[in-house]
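Here are a few exercises to work through with the model open. Try each one before you read its solution.

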Amino acid sequence: MSIKVLQPGLLTSMQDLGRYGYQKHGVIVSGAMDAYSLRIANILVGNQESEGTLEMALLGPSLEIEKDSLLAITGGNLSPTINGKVVPMWRPVYVKAGSILQFGVCKSGCRSYLAIAGGCDLLEVMGSKSTYLRAGIGGFQGRALQRGDVLAVNSPQGAILERMEYFKRIHSLESFVPSSWYAGRQPMPHVLRLTTIRMTRGLQFEYFTAESKSQLLNASFQITAQSDRMGYRLSGVNLQLKSPLEMISEAVALGTVQVPPDGNPIILLADRQTVGGYPKIGQVAIVDVPILAQVRPGAAIQFQEITLEEAERLYIARENYIQELKTAIQLKFL
């Protein structure tokens, strides 16, 4: 079973939930920008939540599915079609051999995720299939997909095979059969609307001027074209310290909002460095990182301060929701 890349799209790479345990050696975590969408895609096809999927940004690829497969597409809407017909997202879809899965223009969000039942047959590097593009390690040959690449897919086993048999029993002359239900869909940011991102105060929040602290929470910031998987660079108001601050580099995390000397904040994302020496004015709530990852360059965001306790409550509620969702989907196939 394999997938052939006919067109690679703008940036299509293999990503999972990341490469943990090696930051002390300077190896970044990497992984999916929108981990929520990745997890839901895998749950829909019966994979482990952490299985590698294809992450596609802004302009998706064209792929030939060479054998009967079960797949799911989540995240931003990149206009997916199979043999020219619109394929619904956020649900399992049984696809017949020889079908062409094509992604087009971005209608909402900016990153889409494609999970294949069984997962792609790739060697893990430091316990992960994620592609670290700058270092050229992990994923498919350490790089983004290119035309002519062929991705081997593991043969479905156990419960995954049962799900495929479930769809095979639904006779159809169409090249694909979607489930009649969907699950886990999250609203995608619209490019023309302001997206609110919740955050807690960073370790150096009190070192900034009162005006800067007020502007952080009341002004809007545009995501610049210099943004990438490492971080979103923001423009808007310049945030200033009360006085120069000499800092020793310290650990940073997913969603850390740091402010370099030019006053323009940077939000650290999946390919972030392991340590940073700029003052940290905020920390994006982990439940809002997937939403942030779907805001495309050129769009605007605003921050809303919440407490650490509220951020924890939101995180626990999301994890409970995902576990309930997983159970409900399993029951669908009994």
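Contact means heavy atoms within 4.5 Å. The model is predicted, so local features need pLDDT of at least 70 and side-chain atom pairs pLDDT 80 or more, while totals for chains, interfaces and linings use all residues. Residues are numbered from 1 along each chain as its sequence is written, and side-chain values use heavy atoms, leaving out hydrogens and water.

**Exercise 1.** Work out what share of the contacts between residues at least 6 apart in sequence joins residues at least 24 apart.

*Solution.* Take the chain's contacts between residues at least 6 apart; 77% of them join residues at least 24 apart.

**Exercise 2.** Check the radius of gyration of the chain against the globule rule.

*Solution.* Start with the rule, 2.2 Å times the number of residues to the power 0.38, with the radius taken over C-alpha atoms. For 334 residues, a compact globule would come out near 20 Å; the chain has 21 Å, which agrees. Next, the box: along the principal axes, the C-alpha atoms fill roughly 70 × 35 × 35 Å.

**Exercise 3.** Trace the strand order of the open six-stranded sheet and find its edges.

*Solution.* First, the terms: strands are DSSP runs of E, at least two residues, numbered from the N terminus, and two of them pair if DSSP finds at least two bridges between them. The order reads β2-β3-β10-β5-β8-β12, paired antiparallel. At the edges sit β2 (11–15) and β12 (176–178), each pairing on one side only. Now zoom in on β2: five bridges join it to β3 (residues 53–57), and T12 stands opposite M56 in β3.

Technical notes:
Helices (H or I, at least four residues) and strands (E, at least two) are DSSP runs, numbered from the N terminus.
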